[in-house]
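The report that follows describes the fold of a single chain, from its overall dimensions down to individual residues. Please read it with the structure open alongside.

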Amino acid sequence: MAAVFITGTGTDVGKTYVAAALVRALVSRGVAVDVLKPVASGFDPAAPQGSDPWMLIEALGRTPTMAEIERVAPFRFRAPLSPPLAAQMEGRALIADAVIDLCRTRMRETSGVLIIEGAGGVMSPVDDHATFLDVIAALRVPALLVAGSYLGTISHTLSALEVLRARGVEVLEVAVSESEDSPSLDPTCEAIEAFGGVRVSRILRRGGYDAGDLIGRL
């Protein structure tokens with residue numbers, strides 16, 4: 001079994017778009033694949049259409065029923081805030097160890113490739129003591145880092161690469177999703193490649209993510 005953790009330099013950079021594209025590519029090649037987004041903030045149970053879990057389930061070719069959403073995203077919160085704050089607003093507590101245990105269980109149960117998507121960025125908190133970096137490091141799985149192309153993304157991306165590598169996390173590649181009103185995409189990607197020593201995929205206005213090369217390395 002192989003597992004890949006999709007993380008980002010921040011929120012709204014295209015993690016779910018990349019995760020769904022990777023899932024569709026695996027499905028099209030006949031590879032057994034499952035998805036897990038253990039923590040989802042900003043989830044409205046009255047309007048689940050278009051949510052991150054919904055998109056991931058559709059990428060699998062399944063119907064996004066509430067039972068499927070509960071399976072794919074067990075820890076769901078209404079407020080579009082960091083998970084601990086969103087949980088607190090509902091009088092609930094989110095524990096990082098529970099998230100890690102869930103991921104490990106699903107990894108054992110998955111016979112093919114498991115795509116795990118985090119919430120927010122690499123250093124987004126999971127509880128009062130741990131971040132998603134702690135989760136990724138504990139799982140000992142490689143990561144795919146998603147970034148935008150906005151002004152400042154080079155620093156953000158290189159910082160994320162540094163902290164991931166410092167914790168022994170293998171970064172398979174960086175996927176840069178073109179942001180609106182951003183500087184030129186190619187020079188940004190070239191700078192990340194040069195300074196980060198990492199393969200970079202370009203996504204033009206989220207118009208397509210080529211996961212072919214990555215699949216060959218899973």
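What span should the 14 residues of helix H1 (residues 15-28) have at 1.5 Å a residue, and how far apart are its end C-alpha atoms? The expected span is 20 Å, and the end C-alpha atoms of H1 are 20 Å apart, which agrees. This value, like every other in this report, is computed from a predicted model.

**Helix H1 and its flanks**

Ten of the 14 residues of H1 are buried, so the helix is largely enclosed by the rest of the structure. Among these buried residues are Val-18, Leu-22, Val-23 and Leu-26, together with several alanines, including Ala-19, Ala-20 and Ala-21; Lys-15 and Thr-16 also belong to the buried set. Ahead of the helix, the loop between S1 and H1 contains Asp-12, and after the helix comes Gly-30, whose phi is positive, near 75 degrees.

**The chain as a whole**

The secondary structure of the chain comes to nine helices and eight strands. The radius of gyration of the chain is 16 Å, close to the 17 Å that the globule rule gives for 218 residues, so the chain is as compact as a globular protein of that length. Along its principal axes, the C-alpha trace spans about 45 × 40 × 35 Å. Buried residues make up 54% of the 218 residues, and, of the contacts with a separation of 6 or more, 75% are accounted for by residues 24 or more positions apart. The chain exposes about 9700 Å², of which carbon and sulfur atoms supply 51%.

**Strands and their pairing**

Strand S6 (143-148) pairs with two other strands described here, S1 and S7. S1 (residues 2-8) runs parallel to S6 and is joined to it by four bridges, while S6 and S7 (residues 171-177) pair in the parallel sense over six bridges. Ala-143 takes part in both pairings, since it is the bridge partner of Phe-5 in the one and has Val-171 as its partner in S7 in the other.

How many of the six residues of S6 are buried? Six of the six are, so S6 is largely enclosed by the rest of the structure. In a regular strand the side chains alternate between the two faces of the sheet. Both faces of S6 are covered, with Ala-143, Leu-145 and Ala-147 buried on one side and Leu-144, Val-146 and Gly-148 buried on the other.

Strand S2 (residues 33-36) is likewise covered on both faces, with Val-33 and Val-35 buried on one side and Asp-34 and Leu-36 buried on the other. Four bridges join S2 to strand S5 (residues 113-117), and these two strands run parallel. Within this pairing, Asp-34 stands opposite Leu-114 in S5.

**Individual residues**

The table sets out the accessibility of selected residues.

| Residue | Relative accessible area | Class |
|---|---|---|
| Val-4 | 1% | buried |
| Cys-103 | 0% | buried |
| Cys-189 | 0% | buried |
| Asp-101 | 44% | partly exposed |
| Asp-12 | 69% | exposed |
| Arg-140 | 78% | exposed |

Val-4 is found in S1, and although 116 residues separate Val-4 from Gly-120 in sequence, their C-alpha atoms are 16 Å apart in space. Asp-101 has its place in helix H5 (residues 96-109), and its C-alpha atom is separated by 9.1 Å from that of Leu-139, 38 residues away along the chain.

Which backbone angle of Asp-12 has a positive value in a residue other than glycine? It is phi, which for Asp-12 is near 60 degrees. Arg-140, which is not a glycine either, has a positive phi of about 55 degrees and lies in the loop between helix H6 (132-139) and strand S6. With relative accessible areas of 69% for Asp-12 and 78% for Arg-140, each counts as exposed because the cut-off for that class is over 50%.

Cys-103 and Cys-189 are both buried, each with a relative accessible area of 0%. A disulfide is a covalent bond between the sulfur atoms of two cysteines. The structure holds zero disulfides.

How values were computed
Residues are numbered from 1 along each chain as its sequence is written. This is a predicted model: local features need pLDDT of at least 70, side-chain atom pairs count only at pLDDT 80 or more; totals for chains, interfaces and linings use all residues. Side-chain values use heavy atoms; hydrogens and water are left out. Buried means under 20% relative accessible area, exposed over 50%, partly exposed in between (1.4 Å probe, protein chains only). A disulfide is a pair of cysteine sulfur atoms within 2.5 Å. Two strands pair if DSSP finds at least two bridges between them. The radius of gyration is taken over C-alpha atoms; the globule rule is 2.2 Å times the number of residues to the power 0.38. Contact means heavy atoms within 4.5 Å. Accessible areas come from the Shrake-Rupley method with a 1.4 Å probe; for residues, only the protein chains shown count as cover. The expected span of a helix is 1.5 Å times one less than its number of residues.
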